[in-house]
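Morning, everyone. I'd like to walk you through one model today, so pull it up on your screens and follow along.

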Amino acid sequence: MTDVVTMEKIVSLCKRRGFIFPSSEIYGGVGSTYDYGHYGVLLKTNVKGEWWRAMLQDRDDVVALDSAIIQHPRVWEASGHLAGFTDPLVDCRTCKQRFRADHLDQLPCGQKPSKHAGEGPDCDLTEARDFNLMFETTVGPVKESGATVYLRPETAQGIFINFKNVLQFSRRKPPFGIAQIGKSFRNEITPGNFVFRTREFEQMEMEFFVPPAESQRWFEHWLAERERWYVELGIRPDHLRLRAHDADELSHYSSGTSDVEYLFPIGWSELEGIANRGDFDLSRHAEHANEKLEYVDTATRERYVPHVIEPAAGADRATLAFLVDAYDEEQVEGETRTLLRLHPKLAPVKVAVMPLVRKDGQPEVAREIYADLRKRMQAEYDEGGSIGKRYRRQDEIGTPWGVTVDHQTLEDRTVTLRDRDTLEQVRVPIDGLGDELERRLRAPWTTPKLAAA
Ligand code: GAP
């Protein structure tokens, strides 16, 4: 089966159905900044919820943290971000645009977009220079005398500087992890591809502290776990791969990194990085803060600086991958049906309740059913427009089930239950509808796109 999805179709559906749209539009927009609408918030919340579930509920060796965005500026000195969190930047003296020097072959020339930057006849690029990606601001009421601080470029450092707190208060010993979800900020030179690369984004990061001798084993454990997470949430395995970084790609802190990559319409691209950070971060903070950041085994008196395995994912990038993987079009009775075949656990709305017509007591019964179902799952009541139009709308936001109340409902208290993927409609009693939907929600699910492939 050929994949019909393109980035343009995703951007257009997201805007049309209120998932994600350009920010500050009434002022003409700010480049590559996006706002999430109702369904986008529900979808991304479900993605983050599934990540928390995998970290906290499905295992007992990870604890949660929510650290501050603005931290002591020395955090970034110790972490190496002040000195080394840079991308190579070049200016074009002709078109006055700035480009990432290592992305020139992917970026259009400012004057001749059919050519790559640097390739046009009049391109006049400067030498590359290092551009630090951290956003700076000032803490304190007077800009001149206030202290310069940075918006965090990753959530990870908030975890390392809390290592001692967590060790003490959660009474953990390695191997154990600290997980965090939160906003990070990077002044990317060339953001783009919708929410794939933006300057403000959410990360889902977990730092797993292990005895040094066990680091390779845990690195492999987390590679497998994180790949499995995407597959269990419906991503097609043939659109997912692990790719080990070459030595020249490794970040300053890493002795080994593999990316989970997804086959986006723009090609294979990083979804998540899994790194072996060794003892780099704890040792650097120990040195800079003059604190002991180590583990002492009370029984053996053995002391060591734990090594860290870090699965670092992006909530927006994962949301984009789930949207892309779910997008589908099919011909039904001569018309194109556009739908999101999202895993039911991720779908923003699980069930839509609709009266067939807006009379004969049908809306009243439908509202009763809706009131009952919404106590158990995200449900929506929809009575506007023709039933076909309402189904199309629910298909486009990925609602897995539709419940329709019709004239027969008034006679025998049964409704039709429509399945988004198969279009199968079955008659089921109103009593037990909630249980049936919860059963379906818990059942394993694989995308029908796989069967069709
Ligand atoms: N603590 C390690 C770290 O931050 P990273 O590979 O730079 O590693 C982890 O970032 C994840 O965060 C990426 O795999 C990606 O999903 C997400 N991410 C990074 N930069 C991003 C950006 N500019 N826009 C959207 N997501 C981004």
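I'll go from the overall fold to the ligand, then the cavities, and finish with a few single residues.

Quick ground rules before that. This is a predicted model, so to speak of a local feature I need pLDDT of at least 70, and side-chain atom pairs count only at pLDDT 80 or more, while totals for chains, interfaces and linings use all residues. Residues are numbered from 1 along each chain as its sequence is written, and side-chain values use heavy atoms, with hydrogens and water left out.

Right, the overall picture. The protein has 14 helices and 23 strands; those are DSSP runs numbered from the N terminus, with helices being H or I of at least four residues and strands E of at least two. Along the principal axes, the C-alpha atoms fill a box of roughly 75 × 70 × 50 Å. There are 453 residues in the protein, and 51% of them count as buried. Buried here means under 20% relative accessible area, exposed means over 50%, and partly exposed is in between, using a 1.4 Å probe and protein chains only.

Now the ligand. What surrounds it? The shell holds 21 residues, and the closest are Glu154, Glu188, Thr198, Glu205 and Glu270; to be near, a residue needs a heavy atom within 4 Å. By class, the shell splits into 7 nonpolar, 4 polar and 10 charged residues. For the classes, Ala, Val, Leu, Ile, Met, Phe, Trp, Tyr, Cys and Pro are nonpolar, Asp, Glu, Lys and Arg are charged, and the others, Gly among them, are polar.

Which elements supply at least two residues each? Those are β10 (200-210), β13 (267-278) and β16 (307-314). β13 gives the most, with 5 residues.

On to polar contacts, meaning pairs of N or O atoms within 3.5 Å; within protein, one must be able to donate a hydrogen and the other to accept it, and residues adjacent in sequence count only if both atoms are side-chain atoms. An N or O atom in the side chain of arginine 186 sits 2.8 Å from a ligand oxygen. A polar backbone atom of threonine 198 is 2.8 Å from a ligand nitrogen. Then there's glycine 314, with a backbone N or O atom 3.0 Å from an oxygen of the ligand. On its own the ligand has 550 Å² of accessible area, and the protein covers 92% of that. Those areas come from Shrake-Rupley with a 1.4 Å probe; for residues, only the protein chains shown count as cover.

Staying with β13 for a second: asparagine 276 is in that strand. Asparagine 276 counts as buried because its relative accessibility is 8%. A polar atom of the asparagine 276 side chain lies 3.1 Å from the backbone nitrogen of glycine 278.

Next, empty space. How many cavities of 30 Å³ or more does the structure hold? It holds 2. A cavity, on a 1 Å grid over the protein atoms alone, is a set of points where a 1.4 Å probe fits but cannot get out, and lining residues have an atom within 4 Å of a point.

The largest cavity has about 60 Å³ of space. Its lining includes Leu233, Phe322, Arg341, His343 and Trp445, and the full lining divides into 7 nonpolar, 3 polar and 2 charged residues.

The second largest has a volume of about 40 Å³. Among the residues lining the second largest cavity are Met354, Tyr391, Trp401, Arg418 and Arg420. Two or more lining residues come from each of β19 (351-355), α11 (387-397) and β21 (401-405). By class, this lining has 5 nonpolar, 3 polar and 2 charged.

Last stop, some single residues. Methionine 377 lies in the loop between α10 (362-373) and β20 (379-381). Is methionine 377 buried or exposed? Buried, because its relative accessible area is 7%.

For the backbone, proline 174 and proline 175 are joined by a cis peptide bond, with omega about 0°. Proline 175 is in the loop between α6 (163-169) and β9 (176-185).

And serine 24 has phi near 55°, a positive value in a residue other than glycine. Serine 24 is in the loop between β1 (20-22) and β2 (34-36), and is partly exposed at 31% relative accessible area. Serine 32 also has phi near 55°, and its place is in the loop between β1 and β2.

Conventions:
1 Å grid on protein atoms, 1.4 Å probe; cavity = no way out; pocket = protein on both sides within 12 Å on 5 of 7 lines; lining within 4 Å. Points joined across faces, edges and corners; volume = space filled by probe spheres on them.
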